[in-house]
Amino acid sequence: MVVGKIKTLIFGAGGMLGTELCTVFPDAVKLKHRDLDIRDREKVIETIETNKPDVVINAAGYTAVDDCEENRELAFDINGAAPGYIAQGCKRAGAILVHYSTDYIFDGSKKEYVESDSPNPVNAYGSSKLAGEMNIIENMEDHRIVRTSWLYGAHGRNFVDTMLMLSGKMDKVKVVNDQFGKPTYTADLARKTKELVGLPAGVYHITNEGVCSWYEFASAIIKNTVQCTSDEFPRKARRPKYSVLVNTKTTPMRHWRDALAEYLKRNEAIQ
Ligand SMILES: NC(=O)c1ccc[n+]([C@@H]2O[C@H](COP(=O)([O-])OP(=O)(O)OC[C@H]3O[C@@H](n4cnc5c(N)ncnc54)[C@H](OP(=O)(O)O)[C@@H]3O)[C@@H](O)[C@H]2O)c1
């Protein structure tokens with residue numbers, strides 16, 4: 001498929017990843033939350049059928065991991081049921097669906113996870129995202145389910161910006177050193193998405209390369225960070241200790257340190 005000539009429709013165009021996708025797919029039909037609520041099944045299907053896209057990209061989601069514990073029903077409606085509606089629309093329109101899922105579908109009892117490993121989420125967010133994967137697979141075949149992790153980028157609240165903000169306000173910023181994953185830059189993931197459209201249907205693990213703890217990640221952003229344990233920093237949602245996604249299906253993206261350097265430079269240029 002010649003990607004430059006295909007018609008693309010993006011749900012969640014106003015989010016952190018969605019905004020980068022809009023740059024990579026400038027001619028796409030771009031739908032933000034205010035334009036359409038993906039929980040509205042009829043409207044989702046009608047929108048896909050009317051626009052007749054070749055590719056639908058769903059970057060919409062309920063991503064506040066701790067809030068999902070208290071708003072479980074909402075999490076399952078947005079992250080679980082709605083991707084199924086989008087898949088139904090894609091099936092009717094003959095479109096490919098690219099959808100983003102998460103490392104948090106795994107329980108962290110293993111150090112690394114390949115695409116075929118069995119999910120076992122430990123929090124409501126992970127459970128709702130897994131339901132979304134299953135609803136897509138049930139409703140259509142030509143999907144690319146992209147599991148990714150620890151996203152940061154322009155246009156959204158994220159760990160890197162939080163560290164920069166806290167660093168200026170606090171003497172020492174405490175960050176956990178017993179959860180491990182792969183930080184991923186949204187600009188890299190958006191560019192990689194274009195390539196994925198041309199690859200076979202299935203589940204993909206797409207992150208920047210390299211593993212670190214949140215503390216190691218923070219140390220690459222600010223100087224005044226100190227390590228602590230997850231027990232010292234309780235959160236509403238449990239997190240997996242290891243949520244390291246291994247990509248066995250496509251070419252790797254660059255190391256997270258190189259991606260971070262570019263993001264920090266881009267940030268500096270804006271200020
Ligand atoms: N952030 C991460 O670290 C991370 C890690 C792994 C996977 N992911 C996945 O990657 C995808 C993109 O994440 P992100 O970080 O870019 O998230 P984000 O910045 O929170 O963007 C999500 C977008 O979805 C919109 N949205 C929420 N509910 C909606 C609804 N009912 N109908 C339509 N739009 C709705 C939000 O709009 P409002 O803000 O107006 O509600 C927001 O613009 C998500 O599927 C997420 O689960 C993220």
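Q: Which element supplies the largest share of the shell around the ligand?
A: In this predicted model, the largest share comes from helix α1, with three residues. Strand β4 (96–102) also supplies at least two residues of that shell.

Q: Which residues come nearest to the ligand?
A: Of the 24 residues around the ligand, Gly15, Met16, Leu17, Gly61 and Leu151 come nearest. By kind, the shell divides into ten nonpolar, eleven polar and three charged residues.

Q: Why are α1 and α7 called oblique to each other?
A: Let's set the value against the cut-offs. Helix α1 (residues 16–24) and helix α7 (residues 186–196) pack at an angle of about 50°. Roughly parallel needs an angle under 35 degrees, and roughly perpendicular needs 65 to 115. The angle of about 50° fits neither class, so α1 and α7 are oblique to each other.

Q: What else describes how α1 and α7 pack?
A: Their axes are 8 Å apart, and α1 passes α7 in a right-handed crossing. The contact includes Met16, Leu17 and Leu21 of α1 and Ala187, Leu189 and Ala190 of α7. Its residues divide into seven nonpolar, three polar and three charged.

Q: What makes the radius of gyration of the protein chain agree with that of a compact globule?
A: For 271 residues, a compact globule would have a radius of gyration near 18 Å; the protein chain has 18 Å, so the two agree. Its C-alpha atoms fill a box of roughly 55 × 40 × 35 Å along the principal axes.

Q: How many helices and strands are there in the protein chain?
A: The protein chain has nine helices and twelve strands.

Conventions: Residues are numbered from 1 along each chain as its sequence is written. This is a predicted model: local features need pLDDT of at least 70, side-chain atom pairs count only at pLDDT 80 or more; totals for chains, interfaces and linings use all residues. Axes are lines fitted to C-alpha atoms, for helices over the stretch in contact, and angles run from 0 to 180 degrees between N-to-C directions. Helices (H or I, at least four residues) and strands (E, at least two) are DSSP runs, numbered from the N terminus. Angles under 35 degrees count as roughly parallel, over 145 as roughly antiparallel, 65 to 115 as roughly perpendicular and the rest as oblique. A crossing is left-handed if the near helix is turned anticlockwise from the far one by less than a right angle, and right-handed if clockwise. Two residues are in contact if their C-beta atoms, placed from the backbone, lie within 7 Å. Ala, Val, Leu, Ile, Met, Phe, Trp, Tyr, Cys and Pro count as nonpolar, Asp, Glu, Lys and Arg as charged, and the others, Gly among them, as polar. A residue is near a molecule or strand if its C-beta atom, placed from the backbone, lies within 6 Å of it. The radius of gyration is taken over C-alpha atoms; the globule rule is 2.2 Å times the number of residues to the power 0.38.
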